[in-house]
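Subject: A structure for you to look at

Hello! Here is the structure I promised to pass on. Please have it open while you read.

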Amino acid sequence: MPELPEVETVRRGLQPVLEGARIERVETRRPNLRYPFPEQFGERLAGRKITSLGRRAKYLIADVEDAPLLICHLGMSGSFRVETDDDAAAPGSFHHERSKSETHDHVVFHVADAKGVPARVVFNDPRRFGFMLFAERNGTEHPMLQGLGVEPTGNTLDGELLAQLFAGKKTPLKAALLDQRLIAGLGNIYVAEALWRAGLSPTRAAGTISGTGKVARERATLLATSVREVIADAIAAGGSSLRDYVHTDGSLGYFQHSFSVYDREGEPCPHSGCAGHIERIVQSGRSTFYCRQCQR
């Protein structure tokens, strides 16, 4: 499933054409994706201007004037592409080629961008685990967004906050980092990479990085820094080209070529001076990759 860096890359790819654009009409080519489309989905968006396109965790959120907020999730295989009259093809060199069948083009937004140039923004999703829902502007947060934790970008997530979030928790450190109620948007790939950078074992109890002692404070600060940096590096690289994930322009992300531990079972640990090898274990039914020798 695309993680936060991939979703942020999609947001940045869509932003130039969608922010300030007017939605002329919306085609829905089936009644549902993961969930049914809201009633009068297209009618409530047609003729409205998109004032901003944001992201919360792994959700894209379009602020549409005089309409509900539009919440989009890519699911397992969803992707957007932008088509104009001058460039109807999706450029890019594909490692895992995405579906080009119109049977998987489930939603088409016909828009005129801020300069009046017509474009089509197409949502393609072979597995149909993605969704589009409305969030009404009544002051009540949408259930999909309720209870989400702090974003792992910027400087909000620091060692002090991480120590507070994990205080007293006996759950494994990896599971705590994946808890969306604590930190929003982290997924399996980048948690593995951040833990390796911080030299911390995914099996360590989360509460061990809390406390007032010097070692605990150092661990919390290093982990918070590693989380922020790995997310920033992945966004800068355009995300990760895992399975059939693609960007809005049809190209793949390349952060996967910088993976240090994820999906590198049996390979030597990249840490300088470490003689260990990357191992794979299973935690909560998901693969965990780490170096037992340098991650303690």
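Below is what I found in it, going from confidence to helix H1, the two sheets and the positions that come from the UniProt record.

**Before you start**

This is a predicted model, so local features need pLDDT of at least 70 and side-chain atom pairs count only at pLDDT 80 or more, while totals for chains, interfaces and linings use all residues. Residues are numbered from 1 along each chain as its sequence is written, and side-chain values use heavy atoms, with hydrogens and water left out.

The term pLDDT is the predictor's confidence in each residue, from 0 to 100. Its mean for the protein is 89, and 89% of the residues reach 70 or more. Please be careful with residues 88-98, where the pLDDT is below 50. In the model, that stretch has 25 contacts beyond near neighbours in sequence (contact means heavy atoms within 4.5 Å).

**Helix H1**

Helices and strands here are DSSP runs, numbered from the N terminus: H or I with at least four residues for a helix, E with at least two for a strand. Helix H1 covers residues 4-18. The expected span of a helix is 1.5 Å times one less than its number of residues. For the 15 residues of H1 that gives 21 Å, which agrees with the 20 Å between its end C-alpha atoms.

Is H1 mostly enclosed or open? Of its 15 residues, 11 are buried, so the rest of the structure largely encloses H1. Buried means under 20% relative accessible area, exposed over 50%, and partly exposed in between, using a 1.4 Å probe and protein chains only. Among the buried residues of H1 are Leu 4, Val 7, Val 10 and Leu 14, and also Glu 6, Glu 8 and Arg 11. Just after H1, Gly 20 takes a positive phi of about 85°.

**The sheet that H1 lies across**

Two strands pair if DSSP finds at least two bridges between them. One open sheet has 4 strands in the order S2-S3-S4-S8, with antiparallel pairing. Its edge strands are S2 (50-56) and S8, each of which pairs on one side only. From one strand to the next, the twist averages 25°. H1 lies across S2 and S3, running at about 175° to S2. For such angles, axes are lines fitted to C-alpha atoms (for helices over the stretch in contact), and values run from 0 to 180 degrees between N-to-C directions.

Try following strand S4 (residues 69-73), where 4 of the 5 residues are buried. S4 pairs with S3 (residues 59-64) over 3 bridges, and Ile 71 in S4 stands opposite Ile 61. S3 and S4 form a hairpin with 4 residues between them, and Asp 66 in the turn has a positive phi of about 55°. S4 also runs antiparallel to S8 (residues 131-135), joined by 5 bridges. Here Ile 71 stands opposite Leu 133, and Cys 72 stands opposite Met 132.

**The other sheet**

Another open sheet has 4 strands in the order S1-S6-S7-S5, also with antiparallel pairing. S1 (22-28) and S5 (79-84) each have a single partner strand, so one side of each is left without a neighbour in the sheet. The twist averages 20° from one strand to the next. S1 pairs with S6 (residues 105-112) over 6 bridges, and the bridge partner of Arg 25 in S6 is His 110.

**What the UniProt record lists**

UniProt positions are given in the numbering used here, with feature names shortened, and annotations may be inferred rather than shown by experiment. Which residues does UniProt list for "active site"? The unreviewed entry gives Pro 2, Glu 3, Lys 58 and Arg 286. Pro 2 lies in the segment before H1 and counts as buried because its relative accessibility is 8%. Lys 58 lies in the loop between S2 and S3 and is also buried, at 15%. Leaving aside neighbours within four places in sequence, Lys 58 is in contact with residues including Pro 2, Glu 3, Val 7 and Cys 72.

The unreviewed entry also places "domain: FPG-type" at residues 260-296. Over that range the chain is 0% helix and 32% strand, and the end C-alpha atoms are 16 Å apart. Arg 296 is one of the residues in contact with Ser 201, which sits in the loop between helix H5 (188-198) and helix H6 (214-237). Ser 201 counts as buried, at 7% relative accessibility.

Enjoy exploring!
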